[in-house]
Amino acid sequence: MAAVSDGQQSGQTITTVRTPVGRPLLSLALTSMMDAVGAHSGAVYLRPGDEQVLQMAVMAGLPRSFAAPWERVVLSAPVPVADAVRERRLVWVGGEEEMARRYPRIAVVLPYPFALAALPVATPSRVFGAVYVTWPGSHPPELAEWEREQLTSACDRLAARLERAASENRPLPAESDLVDAGPIGGTASTLGTLEAARMVARLPYGLCALDLSGRVGFANTAAAELLGVPASRLLGTQLWAAVPWLNDPSYEERHRAALLSQEPVSFVALRPPSDWLSFRLYPSTTGISARISRARGVTGTGPPETRTGAAPIRLVSMSQALSMAGALTETVSVQDVVGLVAHEIAPAVGSQALALLGARAGRLHVLGLHGYSDPHVVERFDGMPLSAPTPGAHAVAHGVPAFFESRHHLEHLYPARQSTPDGFAAWAYLPLIASGRPVGACVLAYAEPHDFSTHERAVLTSLAGMVAQALDRALLYDVKHQLAHGLQAALLPHSLPRLPGVLASARYLPATRGMDIGGDFYDLVPSRPLPAAVIGDVQGHNVTAAGLMGQIRTAVRAYTTVGQEPAEVMRSTNRLLIDLGSELFASCLYLRLDPGRGRAVMARAGHPPPLLRRADGQVRVLDLAGGPLLGIDGSATYPTTEFELGPGSVLALYTDGLIETPGVDIEEAVADLGRRLGERGDRPLEELADELVGPYAAAEERIDDVALLLLRALGAEG
């Protein structure tokens with residue numbers, strides 16, 4: 001997903017506030033909302049200005065590490081809070097299966113049973129942010145109406161308060177996350193009476209109390225003995241940090257699973273050299289009670305490598321790594337990869353800027369950059385030979401990462417950099433190797449001198465491997481994309497000819513699935529004595545469909561030029577398509593125009609009916625007689641119909657991509673298109689064309705091509 005996490009800090013708010021004013025508005029609103037509907041965690045996001053991102057401002061109920069991959073969310077990301085803001089509605093995910101179906105990347109990171117609701121925090125005129133709340137897996141799969149009303153009204157109240165604060169120029173105070181950790185370190189404070197503590201001390205199995213962050217608040221004698229760590233070292237420390245052989249992400253994940261699902265979780269772990277221990281975690285909204293005992297009937301193949309000393313701090317958590325990997329698999333274009341590295345990976349590793357470099361024909365190419373105040377400091381390396389004495393060229397040419405902890409370190413090895421400062425103080429140059437060959441380099445820049453530990457270098461190199469695979473796919477996609485658009489542009493008219501008595505305008509939008517190329521086509525033929533117009537649609541969104549479309553368009557032009565009548569043009573084109581042996585069919589609509597007489601003759605082969613707007617604003621659907629699709633029946637005939645095309649009339653020819661929308665009846669879609677044509681038909685033709693395809697041009701996803709050809713009759717004197 002296009003989401004960003006600050007892997008170095010927790011509890012940050014969206015803005016730096018110099019003069020806190022008022023009570024903790026966000027925290028109070030969030031906890032009140034959670035209490036009202038019985039949710040066990042939640043977070044408030046704010047939108048910084050007009051940026052297309054949401055930044056987590058405060059979280060409650062669970063540590064922020066649970067939501068680390070989504071602390072900063074791009075509005076286009078497939079994430080519930082982003083969907084809620086884009087669609088201005090409540091988004092409900094009723095359980096683990098629904099999360100896996102609708103938001104698979106989240107399900108990979110959090111594969112636990114829980115329910116989630118996300119809502120926009122917005123007034124009619126402005127979006128301030130979003131809220132999400134979660135429930136354990138025991139919540140019913142449907143959100144109750146009273147819960148929906150409580151959440152909606154609470155978000156509306158919060159939006160009104162934020163709007164009032166903004167109108168009064170009152171900054172929001174910095175607010176801390178609300179995680180009820182409880183007291184740590186005293187037996188009596190954890191268990192109550194001294195007698196209860198003595199009772200627990202006599203039990204033959206271990207008991208530990210963990211807070212929401214996994215810190216040990218109590219451990220009895222048996223727990224300390226089983227774990228092999230003195231109780232004094234356990235108290236106040238995360239269990240997996242205090243016990244070296246538990247310092248594995250899989251055990252930390254069990255803690256996360258218990259808290260998020262609010263269901264007991266069990267696992268076994270090997271205490272070196274050969275002792276297997278059983279752990280049973282009993283969660284609540286305040287923490288976890290852990291029962292530890294010796295496991296029976298468990299054997300191992302051998303002792304694992306024993307960890308000694310302090311465990312290194314992980315640069316990115318398992319959840320962040322899974323989120324990054326999932327997001328990279330969904331990138332399509334090079335700019336997708338650049339955006340994801342900029343908005344997710346770079347901030348997660350503490351970098352403030354990045355440049356993505358490609359290699360082609362022995363030279364560097366700047367594919368994208370982010371975070372540089374002056375882009376020219378990076379762009380001047382575009383086209384530089386790989387033999388040049390620069391760290392970027394060296395990383396690509398030799399496939400070896402380079403880490404520079406300070407400017408002095410960089411300029412000592414590359415003196416030429418003294419004359420080309422970029423404003424940063426440390427750098428990581430990571431070669432991008434895919435299938436054993438270099439495809440580029442990723443340059444991460446840091447604002448302050450940075451000591452790259454062995455662990456950090458290993459993590460950055462591993463992340464570079466994932467980026468390389470995504471970039472390799474994206475480069476191939478961009479080449480195919482450019483080829484497809486070039487082919488499409490070559491097959492469609494570069495411009496429409498001027499016809500006497502007729503104004504024309506056309507629009508074409510490719511489908512967003514496949515290769516962004518398809519079989520929709522249109523054309524105007526300035527033949528003598530009368531011109532013709534044609535529009536059609538070949539099955540498919542690929543090179544085959546586009547090639548066949550080009551053949552049909554050429555054939556129609558040829559048959560028109562030699563003087564065939566409309567019906568014969570259609571019959572000839574149909575026979576040609578069958579003779580070509582193609583397995584694809586095509587729809588087509590052909591018009592012979594006579595603006596001098598104010599008439600037109602139409603032949604139709606399975607194509608959607610055109611719309612005719614008369615000069616008085618009335619719109620008619622010309623659902624006249626026609627024949628079957630081209631390429632089905634070699635003996636098919638195509639009847640023609642003559643109709644009036646008086647001065648001021650507008651004729652709209654279109655393909656089915658303009659009227660086919662999932663869940664919408666085609667007749668209703670045609671009626672809506674006719675209504676918009678009737679209301680806006682007096683506008684200039686270019687403006688009218690933009691109006692009619694506007695909703696489809698702005699759509700992020702189009703399942704089919706869209707072609708539109710507008711003809712306005714001017715009469716004999718036009």
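Helix 11, residues 249-261, lies across four strands of this predicted model: strand 8 (206-210), strand 10, strand 11 and strand 12 (287-294). Relative to strand 10, the helix runs at about 165 degrees.

The four strands crossed by helix 11 appear in an open sheet of five strands, ordered 9-8-12-11-10 and paired in the antiparallel sense. Strand 9 (216-219) and strand 10 (265-271) stand at the edges; each has a single partner strand, so one side of each is left without a neighbour in the sheet. From one strand to the next, the twist averages 25 degrees.

At the strand 10 edge, the pairing is with strand 11, residues 275-284, antiparallel and over seven bridges. One residue pair can be named here: Val-265 has Leu-281 in strand 11 as its bridge partner.

The elements discussed above have these residue ranges:

| Element | Residues |
|---|---|
| Strand 8 | 206-210 |
| Strand 9 | 216-219 |
| Helix 11 | 249-261 |
| Strand 10 | 265-271 |
| Strand 11 | 275-284 |
| Strand 12 | 287-294 |

Turning to the whole protein chain, there are 21 helices and 27 strands. The chain has 718 residues, and buried residues make up 50% of them. Among contacts with a separation of 6 or more, 63% are between residues 24 or more positions apart. The accessible surface of the protein chain comes to about 32000 Å², and carbon and sulfur atoms account for 53% of that surface.

Conventions: Residues numbered from 1 in each chain as written. Predicted model: local features only at pLDDT ≥ 70, side-chain atom pairs only at ≥ 80, totals over all residues. Heavy atoms only, no water. Helix = DSSP H or I, 4+ residues; strand = E, 2+ residues; numbered from the N terminus. Buried < 20%, exposed > 50% of the residue type's maximum accessible area, 1.4 Å probe, protein only. Contact = heavy atoms within 4.5 Å. Areas by Shrake-Rupley, 256 points an atom, 1.4 Å probe, with all protein chains shown as cover. Pairing = 2+ DSSP bridges. Axes fitted to C-alpha atoms, helices over the stretch in contact; angles between N-to-C directions.
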